[in-house]
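Please read these notes with the sequence and the model open side by side. They deal with charged side chains and go point by point.

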Amino acid sequence: MGKTVLIVDDSNTMRKIVSRALRQAGIDFSEILEAADGQLALDVLGSNEVDVVLSDINMPNMTGLEFLKAKSEDDAIKDIPVVMISTETGADIIDQAKALGAKGAIKKPFTPDLINEILSPLL
Amino acid sequence: MEFAQKISSVTKEIFASMIFLDLTSGEPISQGQEDLGCHVSAMIGLSGDINAILGIHCPAVVGKAIGGAMLGMELEEVDEDTKDALGEIANMLAGGLKETFAAEKIDILLAIPTTISGNSYKVSAPTGSNRIIIPFDIEAGRFYIDLKYSLS
């Protein structure tokens, strides 16, 4: 059965690029959901069965790190794996993300092969 | 510090992995050319060990071609999608430069990209700053990556 993924990024262009890369990565996704910031992502997780989340870090309203913290405090969604996908993948910010529960990080620009490599073990 | 080489390398990586448009780079222009004949620009500020503005400047037809390639659709005009796409390129380019600088113990912070469009504007560097403009060519035409910087 296909998986459901949630893409969280304030850029419509980047959401479309990530969506295309997911289809090219060869992973069987039945549904690709989108949210433009962390708060909207929490709303989507509250009303959908999601298998994995790909989240940007720098976003308005609620950043990727704030999203991770809020998600970790909600028992209903805290175990859904999140992979950060961002231009900012320095060790300090990735350490913060992992401390808040992120399962990995993908740097923009990325390839479908890299998406597959990071996501497959989580599904 | 070879800024031009770093910019060219990161730009080619972005176009090869996420935009899928063939790209060639031209000889860097050191300064003096303020009117690039462009209609849409995305710029991002860098601060820290280097203070800089990094920009991508395109004629409308080139901006639409790049944005369309990123979105997988034809863009009829320089709209929010075009500006969003160019802003993401500026963001990824700045992120790539940040990483290469970090390897040389040069720390920089990134601002949020800003985009502008119009039929007549010039992009000038502050007095005393350095400037590198690198032309790139795709099938739709020429665009420019522009770095105005001063060392802290």
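1. In which helix does A:Arg15 lie? A:Arg15 belongs to helix H1 of chain A. Please keep in mind that the model is predicted. With a relative accessible area of 12%, A:Arg15 is buried, because that value falls under the 20% cut-off.

2. Two contacts of the A:Arg15 side chain deserve a look. One is a salt bridge with the side chain of A:Glu34, at 2.9 Å from N to O. This pair links distant parts of the chain: A:Arg15 is in helix H1 (residues 12–24) and A:Glu34 in strand E2 (residues 29–35), both of chain A, with the two residues 19 apart. The other contact runs to the backbone oxygen of A:Asp9, which the A:Arg15 side chain reaches at 2.7 Å.

3. Is A:Glu34 buried or partly exposed? Its relative accessible area is 31%, so A:Glu34 counts as partly exposed. Its partner A:Arg15, at 12%, is buried.

4. A:Lys78 and A:Asp75 also form a salt bridge through their side chains, at 3.3 Å from N to O. A:Lys78 is partly exposed, with 39% relative accessibility. A:Asp75 has a relative accessible area of 60% and is therefore exposed, the cut-off being over 50%.

5. In chain B, which residue forms a salt bridge with B:Asp146? The partner is B:Lys148, and the closest N and O atoms of the two are 2.8 Å apart. Both B:Asp146 and B:Lys148 are buried.

6. Some salt bridges share partners. Through such sharing, A:Asp9, A:Asp56, A:Lys108 and B:Glu88 are joined into one network. A:Asp9 is also the residue whose backbone oxygen is reached by the side chain of A:Arg15. As general background, side chains of opposite charge can pair when their charged atoms come close. Over all chains, the count of salt bridges comes to 12.

7. Which residues form a negative patch on the surface? They are A:Asp92, A:Asp95, B:Asp49 and B:Asp107. Of these, B:Asp107 can be placed in the loop between helix H3 (80–102) and strand E4 (108–110) of chain B. Why does B:Asp107 count as exposed? Its relative accessibility is 52%, and exposed means over 50%.

Conventions
Residues are numbered from 1 along each chain as its sequence is written. Chains are lettered from A and ligands numbered from 1 in the order in which they are written. This is a predicted model: local features need pLDDT of at least 70, side-chain atom pairs count only at pLDDT 80 or more; totals for chains, interfaces and linings use all residues. Side-chain values use heavy atoms; hydrogens and water are left out. A salt bridge is a side-chain nitrogen of Lys or Arg within 4 Å of a carboxyl oxygen of Asp or Glu. Helices (H or I, at least four residues) and strands (E, at least two) are DSSP runs, numbered from the N terminus. Buried means under 20% relative accessible area, exposed over 50%, partly exposed in between (1.4 Å probe, protein chains only). Patches are made of residues with over 30% relative accessible area and no salt bridge: like charges are joined within 9 Å, nonpolar side chains (Val, Leu, Ile, Met, Phe, Trp, Tyr) within 5 Å. Accessible areas come from the Shrake-Rupley method with a 1.4 Å probe; for residues, only the protein chains shown count as cover. Lys and Arg count as positive and Asp and Glu as negative; His and the chain ends are not counted. The place of a charge is taken as NZ of Lys, CZ of Arg, CG of Asp or CD of Glu. A polar contact is a pair of N or O atoms within 3.5 Å; within protein, one must be able to donate a hydrogen and the other to accept it, and residues adjacent in sequence count only if both atoms are side-chain atoms.
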